[in-house]
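Reader: Could you take a close look at one part of this model for me, and then place that part in the rest of the chain?

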Amino acid sequence: MDSKTAPNPGLYVFEKFEAGVIHLDAQRNVLAMNDYARRVLPVDEKQPFNKLVTSFHPERSKPKVKFLLDEASGCPMANAVPMTMIINIPEQVLLIKVSRLANEKGDTTGFALVFYDVTQVVGQEPPLAEIPARNMRLSRIPMVANQKVAFVDTQDVLSLESQAHFTRVLTRDGYHFCNLSIGDLALRLDPAQFMRVHRCFIVNLQAVQTLGREGAKTHVVLKGKNTQPVPVSRGEVGRLRQALGLT
């Protein structure tokens with residue numbers, strides 16, 4: 001390598017990690033996997049071979065994996081870039097890519113599912129004196145747009161809004177799409193910085209500008225332009241007021 005050539009930081013990230021590779025047939029059954037995938041996945045427990053690939057995913061992740069495969073099964077020209085998704089499991093965050101495999105006639109013969117463990121990229125190491133938590137905290141939130149993965153620092157996040165199995169992330173630049181659920185994110189975000197004020201909303205406490213009330217309903221307004229009021233559940237009002245130093 002030319003010493004004058006600067007390394008590509010995005011490439012370097014993935015040079016550090018092994019890739020798990022799983023071969024699926026056209027019916028989405030697991031045919032084979034490489035040694036790294038065997039080490040990472042609960043193969044002995046789930047016995048996934050010759051079973052649907054979704055059989056060894058958590059219930060909350062199954063719709064995402066099915067969606068990923070459905071999209072990869074579509075028009076080859078429309079999905080020339082492998083479909084990408086982030087999946088959360090208790091101690092890891094996995095970046096998954098799926099690509100369709102075809103024979104000489106272009107007929108689907110199976111799929112290649114490749115995953116990277118990106119926990120270290122998005123995670124925050126706990127202090128040495130702190131007992132490691134089961135769910136490593138996130139210092140950055142992974143998002144997917146146009147088949148590319150980007151990371152947003154949690155300090156730049158104003159709020160998070162549940163969108164079924166996915167989450168809409170609001171920053172000062174606008175909204176972004178994260179395909180981790182709000183429940184997954186709630187488990188991994190720093191509770192001193194973020195609070196789930198409603199079943200559909202998490203707010204950055206540092207971004208709260210005003211706490212208001214209309215009739216029996218409480219809401220917060222966040223810093224930034226054109227931000228919409230965020231509803232606060234009745235049961236969370238007291239805890240929020242305490243977190244904001246109002247009691």
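To start broadly, what percentage of the contacts in the protein chain with a separation of 6 or more comes from residues 24 or more positions apart? Then please zoom in: how many of the six residues of strand E9 (residues 166-171) are buried, and which strands does E9 pair with?

Author: Happy to. This is a predicted model, in which local features need pLDDT of at least 70 and side-chain atom pairs count only at pLDDT 80 or more, while totals for chains, interfaces and linings use all residues. Residues are numbered from 1 along each chain as its sequence is written, and side-chain values use heavy atoms, with hydrogens and water left out.

Your first answer is 43%: that is the share of contacts (heavy atoms within 4.5 Å) with a separation of 6 or more in the protein chain that comes from residues 24 or more positions apart. The chain has seven helices and 15 strands (DSSP runs, H or I of at least four residues for helices and E of at least two for strands, numbered from the N terminus). Of its 247 residues, 41% are buried (under 20% relative accessible area, with exposed being over 50% and partly exposed in between, for a 1.4 Å probe and protein chains only).

Now to E9. Five of its six residues are buried, so the strand is largely enclosed by the rest of the structure. E9 pairs with strand E8 (residues 157-163) in the antiparallel sense over six bridges (two strands pair if DSSP finds at least two bridges between them). Gln-163 stands opposite Phe-166 of E9. E8 and E9 form a hairpin with two residues between them, and Ala-164 in that turn has a positive phi of about 60 degrees.

E9 also pairs with strand E10 (residues 174-178), again in the antiparallel sense, here over five bridges. The bridge partner of Thr-171 in E10 is Gly-174, and a hairpin of two linking residues joins E9 to E10.

Following the chain onward brings us to Ser-181, in the loop between E10 and helix H6 (182-188). With a relative accessible area of 15%, Ser-181 is buried. Setting aside residues up to four places away in sequence, Ser-181 touches Lys-64, His-165 and Thr-167. Ser-181 is also 9.3 Å from Ser-61, C-alpha to C-alpha, although the two are 120 residues apart in sequence.

Going back along the chain instead, Asp-153 is found in strand E7 (residues 148-153). Asp-153 counts as partly exposed because its relative accessibility is 31%. Leaving aside neighbours within four places in sequence, Asp-153 is in contact with Ser-139 and Arg-140. The C-alpha atoms of Asp-153 and Ser-139 are separated by 6.0 Å, with their positions 14 residues apart along the chain.

Next, the nonpolar cores. The largest one (a set of buried Ala, Val, Leu, Ile, Met, Phe, Trp, Tyr and Cys residues joined through side-chain atoms within 4.5 Å) has 24 residues, and Ile-22, Leu-41, Val-53, Ile-96, Val-98 and Phe-115 touch the most other members. Elements that give two or more residues to this core include strand E1 (19-25), strand E4 (92-102) and helix H4 (62-72). H4 gives the most, with four residues. Apart from this core lies another, of 21 residues, among them Ile-86, Leu-95, Ile-182 and Ile-202.

Ile-202 turns up again in the lining of the second largest pocket, together with residues including Asp-190, Arg-196 and Arg-239 (on a 1 Å grid over the protein atoms alone, a pocket is an open set of points where a 1.4 Å probe fits, with protein on both sides within 12 Å along at least five of seven lines, and lining residues have an atom within 4 Å of a point). By class, this lining has eight nonpolar, no polar and three charged residues (Ala, Val, Leu, Ile, Met, Phe, Trp, Tyr, Cys and Pro count as nonpolar, Asp, Glu, Lys and Arg as charged, and the others, Gly among them, as polar). Strand E11 (194-198) provides the largest share of the lining, three residues, and helix H7 (237-243) supplies at least two.

Lastly, two backbone details for your checks. Arg-28, in the loop between E1 and E2, has a positive phi of about 75 degrees although it is not a glycine. Arg-28 counts as buried, at 19% relative accessibility. Asn-50 is not a glycine either and has a positive phi of about 65 degrees, but Asn-50 is exposed, with a relative accessible area of 62%.
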